[in-house]
Amino acid sequence: MPSPIDLTRHDRKVSHHRPWPRAMVDASGWKLAASELAGGRWNLLDLWGEPATVHMAIMDQDTADIVTVSLDCPDGNYPSVGLHHPPALRLERAIGDLYGLSAEGLPDSRPWLDHDRWGVRAPLGEPCKPLPKAVPYRFLAAEGCGLHQIPVGPVHAGIIEPGHFRFTASGETVVRLEARLGYTHKGVEGLMMGLSLERAAELAGRVSGDSTVAYAYAFSRATEAAIELVVPDRAVWLRALLAELERLANHLGDIGAICNDASFALMHAHCSVLRENVLRASHRAFGHRLLRDIVVPGGVNRDLDRDGIETIEATLRNIRRRFPALVELYDNTASLQDRTVSTGVLRPALAKQYSAGGPIGRASGRSFDARRTLAYPPYDRLRFEVPILHEGDVNARVWIRVREVEASLALVEQILGELPAGPLRGNPAHRQETQEGAAIVEGFRGDILVWLRLREGQVERCRLRDPSWFQWPLLEAVIEDNIVADFPLCNKSFNCSYSGHDL
């Protein structure tokens with residue numbers, strides 16, 4: 001059985017790419033990777049572009065070997081991966097929008113990020129293209145007797161980000177759902193070009209506000225891989241502490257919000273209080289409720305003192321005292337179980353095909369967790385379980401979050417107990433030559449990938465991939481054959497990011 005490593009013959013390797021190899025391939029090598037993805041032996045981690053090049057990060061699901069393959073396409077065309085492997089479809093549509101590169105054979109060539117509001121086409125391509133006459137966006141059709149459509153969004157009733165959902169229903173039963181996103185596109189890849197590492201880290205931490213630690217963490221690790229910078233041990237452990245506090249706050253919020261969408265406001269209120277306790281402890285310990293701008297290339301820029309440790313420990317004790325009763329309340333409320341059990345089922349085969357990360361994948365049998373599978377420090381020295389369920393419904397996604405709250409509590413306690421002394425940051429050394437790095441970090445939604453190229457100490461290119469890229473399409477799948485009223489419940493159990501997706 002072939003391995004992704006087979007694509008990286010010595011004469012093809014890019015020498016300045018770390019920590020996993022990157023190799024230039026021809027069209028046949030690109031097609032081979034696409035066929036192996038379609039066969040289910042490899043996982044697609046990301047697919048992105050440059051003005052005349054496309055890149056694809058892939059992982060062997062058995063060995064966790066990771067490789068990035070790159071294909072030059074000077075004529076602006078490349079063989080479509082989405083033709084063989086559906087998870088690549090939207091990624092290729094986005095590449096076309098941003099860079100003007102065309103995936104040959106792509107089954108769906110509609111724009112994805114481009115809503116005909118930019119004033120140009122392919123703004124990151126060379127050169128950017130003039131604006132042709134706009135073509136109305138057409139949603140996919142569904143045929144059948146008595147079907148009707150329900151448009152929802154992009155403006156929603158709550159204070160949330162915009163996205164349009166087009167339902168086709170037979171009575172109350174959803175026959176098809178198609179999402180149109182891209183409303184929060186803000187040109188992050190373009191904004192990254194030419195930034196210093198300091199400014200780029202700040203921007204990375206603002207890609208998706210609820211994952212500021214995870215994004216800054218991934219960006220910093222990619223930078224450190226590129227320039228071969230060793231991070232001090234205390235900073236390594238503090239980063240994990242910050243990541244677990246962020247995970248803890250978000251999971252508590254999600255559990256309550258899912259219950260609220262099932263009209264069980266009591267759970268929402270109590271979980272919101274616990275989440276608020278974590279946010280306040282984060283502010284007292286590190287100076288920011290969301291822990292923004294603390295993780296930086298080389299380490300961290302805020303230390304944790306004795307008062308901060310005591311504040312976090314008190315918060316952990318409070319959660320341990322109150323959370324079990326909330327879990328029991330959830331488990332013993334029949335009317336709530338009636339809404340969550342067997343609702344919005346994501347089949348394990350589909351979760352595997354789309355490399356679904358985070359609670360969504362783990363609730364449907366996919367065991368990938370970057371903290372364990374890739375075991376980056378200090379998680380290689382920490383004890384924790386990765387919970388796995390196979391039912392794939394809203395209830396399973398709640399229970400995965402419950403178990404991960406418990407795991408994060410234990411991880412924070414371990415980190416506080418083993419936190420080493422020492423400096424907080426290593427100093428990046430600027431080099432003239434080109435350097436490339438990549439990293440994957442486990443956020444609360446799943447794995448976040450960052451790839452970047454540095455030149456003379458500045459960012460030449462940077463790609464940030466949110467786990468939501470592989471989760472939004474699955475939401476469309478799980479709502480089919482459910483009633484329209486269950487969409488908010490399914491949607492919240494996924495809790496995909498609009499902002500993180502719409503780069």
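The exercises below, each with a worked solution, concern cavities, pockets, a helix pair and a sheet in a predicted model.

**Exercise 1. Helix packing**

Task: Describe how helix H6 and helix H15 pack, and classify the orientation of H6 to H15.

Solution.
- Step 1. Locate the elements: H6 covers residues 233-261, and H15 covers residues 487-494.
- Step 2. Take the geometry: the two helices pack at an angle of about 175°, and their axes are 8 Å apart.
- Step 3. Angles over 145 degrees count as roughly antiparallel, so H6 is roughly antiparallel to H15.
- Step 4. List the contact residues. H6 brings Ala 257, Ile 258 and Asp 261, which meet Pro 488, Leu 489, Lys 492 and Ser 493 of H15.
- Step 5. Sort the residues of this contact by class: 4 are nonpolar, 1 is polar and 2 are charged.

**Exercise 2. The largest pocket**

Task: Give the volume of the largest pocket, and state which element supplies the largest share of its lining.

Solution.
- Step 1. The volume of the largest pocket is about 1,000 Å³.
- Step 2. Its lining has 36 residues, and Ile 159, Ile 160, Lys 492, Asn 495 and Tyr 498 are the closest to the centre. Lys 492 is also one of the H15 residues that meet H6.
- Step 3. Find the contributing elements. At least two lining residues come from each of strand S8 (148-152), strand S9 (164-170), H6, helix H7 (265-286), H15 and helix H16 (498-501).
- Step 4. The largest share is that of H6, with 7 residues.
- Step 5. By class, the lining of this pocket has 16 nonpolar, 13 polar and 7 charged residues.

**Exercise 3. Helix H2 and two spaces**

Task: Trace the part of helix H2 in the lining of the second largest pocket and of the largest cavity.

Solution.
- Step 1. The second largest pocket has a volume of about 720 Å³. Among its 29 lining residues, Asp 97, Ser 109, Arg 110, Pro 111 and Arg 121 lie nearest the centre.
- Step 2. H2 and strand S7 (102-104) each give at least two residues to this pocket lining, and the largest share, 4 residues, is from H2.
- Step 3. The lining of the second largest pocket contains 11 nonpolar, 5 polar and 13 charged residues.
- Step 4. Turn to the cavities: 4 of 30 Å³ or more are found in the whole structure, and the largest cavity has a volume of about 80 Å³.
- Step 5. Of the 15 residues lining the largest cavity, Ala 94, Leu 98, Glu 189, Arg 463 and Trp 469 lie nearest its centre.
- Step 6. Strand S3 (42-50) and H2 (89-99) each supply at least two residues of that lining; the largest share, 5 residues, is from H2.
- Step 7. The cavity lining divides into 10 nonpolar, 2 polar and 3 charged residues.

**Exercise 4. A sheet and its edges**

Task: Which strands stand at the edges of the sheet with the order S8-S9-S10, and why is one side of each left without a neighbour?

Solution.
- Step 1. The sheet is open, has 3 strands in the order S8-S9-S10, and pairs in the antiparallel sense.
- Step 2. The edge strands are S8 and S10 (173-180); each has a single partner strand, so one side of each has no neighbour in the sheet.
- Step 3. Neighbouring strands are turned by 20° against each other on average, direction ignored.
- Step 4. S8 and S9 pair over 5 bridges. In one of them, Ile 150 has Phe 167 of S9 as its partner.
- Step 5. Helix H14 (residues 472-479) lies across S9 and S10, at about 165° to S10.

Conventions: Residues numbered from 1 in each chain as written. Predicted model: local features only at pLDDT ≥ 70, side-chain atom pairs only at ≥ 80, totals over all residues. Heavy atoms only, no water. 1 Å grid on protein atoms, 1.4 Å probe; cavity = no way out; pocket = protein on both sides within 12 Å on 5 of 7 lines; lining within 4 Å. Points joined across faces, edges and corners; volume = space filled by probe spheres on them. Nonpolar A, V, L, I, M, F, W, Y, C, P; charged D, E, K, R; others polar. Axes fitted to C-alpha atoms, helices over the stretch in contact; angles between N-to-C directions. Parallel < 35°, antiparallel > 145°, perpendicular 65-115°, else oblique. Contact = heavy atoms within 4.5 Å. Pairing = 2+ DSSP bridges.
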